[in-house]
Amino acid sequence: MAAIIPFPLREPQQQEQSPQQQFQPNLNVHLVCPDCRVKPPHIVEEFASGDLVCGDCGLVLGDRIIDTRSEWRTFANDEGDDPSRVGAAANPLLDGNQLDTVISRRDGGSGAAKDLNKVHGRATAVKGERNLVQAYKEISAMCDSISLSKIVSDTAKQLYKRVEDEKLLRGKSSDAIIAACIFIACRQEKVGRTFREICALTRVPKKDIGRCYKSLQNKLQTNTTIMNSEDLMSRFCSNLQLPNYVQKLGVDVVRRAKELGTLAGKSPISVAAACIYFVSYLYRTPKSTRDIAHVAGVSEVTIKSAYKSLYAERENLVDLASITNAQLTFEDLALP
């Protein structure tokens, strides 16, 4: 009789599971009172005290609960849904409570909401506030066009609002007032801008801006600083695409010229333009008087006449031995 050899049974092969299938956390978190352990739990939120309390045994389960309800008493049955916010923050540059209802400009595409918004805005807008909003838009657009910061723009808006509230410049055009406010704001924030740049920006004659500027300076008693040549140097060099070391030496030359009185009586723009012309030739990156005059807004004759004074005092203005890593000689300077 043949012997029966038992065949070994194979163990069932387990399917390999991915790491995501092996670890599947239970996201259904249930908060149960540890004392009574009643399921389902009866948990009460007391917003007055900011506690989370078990309704069966009174055990405090949590504190400092955030109240997500509305911030005032409402009657939802009469007024519909309970609102949770009252809108954007008030603008300090405008008058009134600024909590009026505004018709939305968005609809299904018919365009009726846009027309209703315009009609409603004309009917409810106050004339003085409408003029202020229009002036603020012009100030923001002008400041953005010449790359002025938001601080300068806000300062100009505050000055304009004060002029309108106190009626300081009666009979003056709004464009001249806006130009004067921008110029005073630049002086207060120490941002160098010339009268010619403001005139080109606002298209207002220089005499009108000067009159408004003097009147506001006397009536408002604003602390405006005098424009220095050092403040104009960085912007002029940047527009002329000159390196930083040229700008640095140009500022040193301006300060030294003021100490020696070399360019006494010259305007800050003429001083800055002449020093740039002087230093650019000294560093072998020459810029013509035509290019500098176009950027600075002065004539070529003015630059050359100021440069003659700098060339005569060149040895007292620049100490070549103190400038490291640069082989500079006065022979590179342009002859006057």
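What follows is a walk through some local features of a predicted model, from a small sheet to a pair of helices.

The sheet comes early in the chain. Three strands make it up, in the order β1-β2-β3, and the sheet is open, with antiparallel pairing. At its edges sit β1, covering residues 43-46, and β3, covering 60-63, each of which pairs on one side only. Neighbouring strands are turned against each other by 20° on average, leaving direction aside. Between β1 and β2 (residues 51-54), the antiparallel pairing runs over four bridges. Two residues of the pairing can be picked out by name: Ile43 has Cys54 in β2 as its bridge partner, while Val44 is matched with Val53 in β2. The hairpin that β1 and β2 form has four residues between the strands, and here Gly50 takes a positive phi near 75°.

Just ahead of the sheet, the backbone does a couple of less ordinary things. As a rule, most peptide bonds are trans, and most residues apart from glycine have a negative phi. Lys39 and Pro40, however, are joined by a cis peptide bond, with omega at about -5°. Pro40 belongs to the loop between α1 (19-22) and β1, and Arg37 is found in the loop between α1 and β1 as well. Arg37 is not a glycine, yet its phi is positive, at about 55°. Its relative accessibility is 61%, so Arg37 counts as exposed. Arg284, also not a glycine, has a positive phi of about 60°. That residue sits in the loop between α11 (268-282) and α12. With a relative accessible area of 49%, Arg284 falls under the 50% needed for exposed and is therefore partly exposed.

Next come the cysteines. A disulfide is a covalent bond linking the sulfur atoms of two cysteines. The count of disulfides in this model comes to zero. Cys143 is in no disulfide, and the nearest cysteine sulfur, which belongs to Cys186, is 6.7 Å away; a pair would have to be within 2.5 Å to count, so this one does not qualify. Cys181 is in no disulfide either, with the nearest cysteine sulfur, that of Cys212, 8.6 Å away. Cys143 has a relative accessible area of 0% and is buried. Cys181 is buried too, with a relative accessible area of 0%.

Thr194 is another residue tucked out of reach, although it belongs to a loop, the one between α6 (174-188) and α7 (195-202). Its relative accessibility is 4%, which is under the 20% limit, so Thr194 counts as buried. What does Thr194 touch, leaving out residues up to four places away in sequence? Its contacts are Phe183, Met227, Leu232 and Ile269.

Finally, there is the helix pair. Two packed helices are described by the angle between their axes and by the distance between those axes. For α12 (residues 289-296) and α13 (residues 300-312), the angle is about 110° and the axes are 9 Å apart. Angles from 65 to 115 degrees count as roughly perpendicular, so that is how α12 and α13 stand to each other. The crossing of α12 and α13 is right-handed. On the α12 side, Thr289, Arg290, Ile292 and Ala293 take part in the meeting, and on the α13 side they face Glu300, Ile303 and Lys304.

Conventions: Residues numbered from 1 in each chain as written. Predicted model: local features only at pLDDT ≥ 70, side-chain atom pairs only at ≥ 80, totals over all residues. Heavy atoms only, no water. Pairing = 2+ DSSP bridges. Axes fitted to C-alpha atoms, helices over the stretch in contact; angles between N-to-C directions. Buried < 20%, exposed > 50% of the residue type's maximum accessible area, 1.4 Å probe, protein only. Contact = heavy atoms within 4.5 Å. Parallel < 35°, antiparallel > 145°, perpendicular 65-115°, else oblique. Left-handed = near helix turned anticlockwise from the far one by under 90°.
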